Amino acid sequence: MPVFRWVGIAASALALGTLFATPPDAPVKKTDAFLTAETTGLLSIEATECFDDPEYDPMADDRVVVYIPCEEGADNQAYGFVYAPEGTFDRTAVATFAAARCGQAFDKLWRGASAEGLDFYPVLPTAETWADGDRVAMCVVYRPTGRLPGSVLPLAGR
């Protein structure tokens, strides 16, 4: 009889544990509004480098992007830059241009199964950085379901 009692207790504990288990995070969709060229720390990120999502830094009194070596795993990886044409700043036009160009580069780099589980977003200049001559949008790859396990850039010649 004592064995049955332990089996019942274990089953009850397991059932109770499922009530309080947290569900996996829902996939995240990052868009051109996620970061901008004015996000502190972003301008120090180069193509192929990885970085985490911005977090509030009390020392900077701002949200800050931090470089992370890709082999340590990160939230994002820059995979290129596109240059918007000169002209008056039109955020919608710049966003459309950057999404199309970053999308073309994404499709060229990640084909078929290598694109599974990945998505991209552009980081746009702002009206303020545009006024200072910034015409660059950064193309960023990420996993909507979590961190990148390391660099996800395809190797040359593959």
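**Why these labels fit**

Me: In this predicted model, N76 touches K30, E49, C50, F51, D52, D53, Y121, V140, V141, Y142 and L148, leaving aside residues up to four places away in sequence. Why is N76 called buried?

Reply: The cut-off for buried is under 20% relative accessible area. N76 has 0%, so N76 is buried. N76 sits in strand 5.

Me: What makes the pairing of the N76 side chain with the D53 side chain a polar contact?

Reply: Their distance is 2.8 Å. A polar contact needs N or O atoms within 3.5 Å, one able to donate a hydrogen and the other to accept it. The side chains of N76 and D53 are listed as such a contact.

Me: How do you know that C50 and C70 form a disulfide?

Reply: Their sulfur atoms are 2.0 Å apart. The cut-off is within 2.5 Å, so the pair qualifies.

Me: Which hand does the disulfide of C50 and C70 have, and what decides it?

Reply: The torsion about the S-S bond is about 100 degrees, so this disulfide is right-handed.

Me: Why say that C50 and C70 tie parts of the chain together?

Reply: C50 lies in strand 1 (residues 50–51), and C70 in the loop between strand 4 (67–68) and strand 5, so the tied parts are 20 residues apart in sequence.

Me: Are C50 and C70 buried or exposed, and how do you know?

Reply: C50 has 0% relative accessibility, so C50 counts as buried. C70 has 10%, which is also under 20%, so C70 counts as buried too.

Me: How many disulfides are there, and what pattern do they follow?

Reply: Two. With bonded cysteines counted along the chain, the pattern is 1-2, 3-4.

Me: What makes C102 and C139 a disulfide?

Reply: The S to S distance is 2.0 Å. That lies within 2.5 Å, so the bond is assigned. The torsion about the S-S bond of C102 and C139 is about -80 degrees, so this disulfide is left-handed. C102 is in helix 2 and C139 in strand 7, 37 residues apart.

Me: Why are C102 and C139 called buried?

Reply: C102 has a relative accessible area of 0%. C139 has 1%. Buried means under 20%, so both labels hold.

Me: What makes a set of residues a nonpolar core here, and what does the largest one hold?

Reply: Members must be buried residues of nine types, among them Val, Phe and Tyr, joined through side-chain atoms within 4.5 Å. The largest such set has 19 residues. Those with the most contacts inside it are Y79, F106, W110, L118 and V141. Strand 5 (76–83), helix 2 (91–109) and strand 7 (136–142) each give two or more residues to this core. Helix 2 supplies the largest share, five residues.

Me: What does Y79 touch?

Reply: Leaving aside residues up to four places away in sequence, the contacts of Y79 include C102, F106, W110, C139, V141 and L153. There is also a second, separate core of 11 residues, including L42, F51, V65 and V123.

Me: How do you know that D119 and K29 form a salt bridge?

Reply: Their closest N and O atoms are 2.8 Å apart. The cut-off is within 4 Å, so the pair counts. D119 lies in strand 6 (residues 119–123) and K29 in the loop between helix 1 (2–20) and strand 1, so the bridge ties together parts that are 90 residues apart in sequence.

Me: What label does each of D119 and K29 get, and why?

Reply: D119 is at 18%, under the 20% limit, so D119 is buried. K29 is at 57%, over 50%, so K29 counts as exposed.

Me: Why is R91 called partly exposed?

Reply: R91 has 36% relative accessibility. That falls between the 20% and 50% limits, so the middle label applies.

Me: What makes R135 and E86 a salt bridge?

Reply: Their closest N and O atoms are 3.2 Å apart. That is within 4 Å, so the pair is a salt bridge. R135 lies in the loop between helix 3 (127–131) and strand 7, and E86 in the loop between strand 5 and helix 2, so the tied parts are 49 residues apart in sequence. R135 is at 13% and counts as buried. E86 is at 63% and is exposed.

Definitions and conventions: Residues numbered from 1 in each chain as written. Predicted model: local features only at pLDDT ≥ 70, side-chain atom pairs only at ≥ 80, totals over all residues. Heavy atoms only, no water. Buried < 20%, exposed > 50% of the residue type's maximum accessible area, 1.4 Å probe, protein only. Helix = DSSP H or I, 4+ residues; strand = E, 2+ residues; numbered from the N terminus. Contact = heavy atoms within 4.5 Å. Salt bridge = Lys/Arg side-chain N within 4 Å of Asp/Glu carboxyl O.
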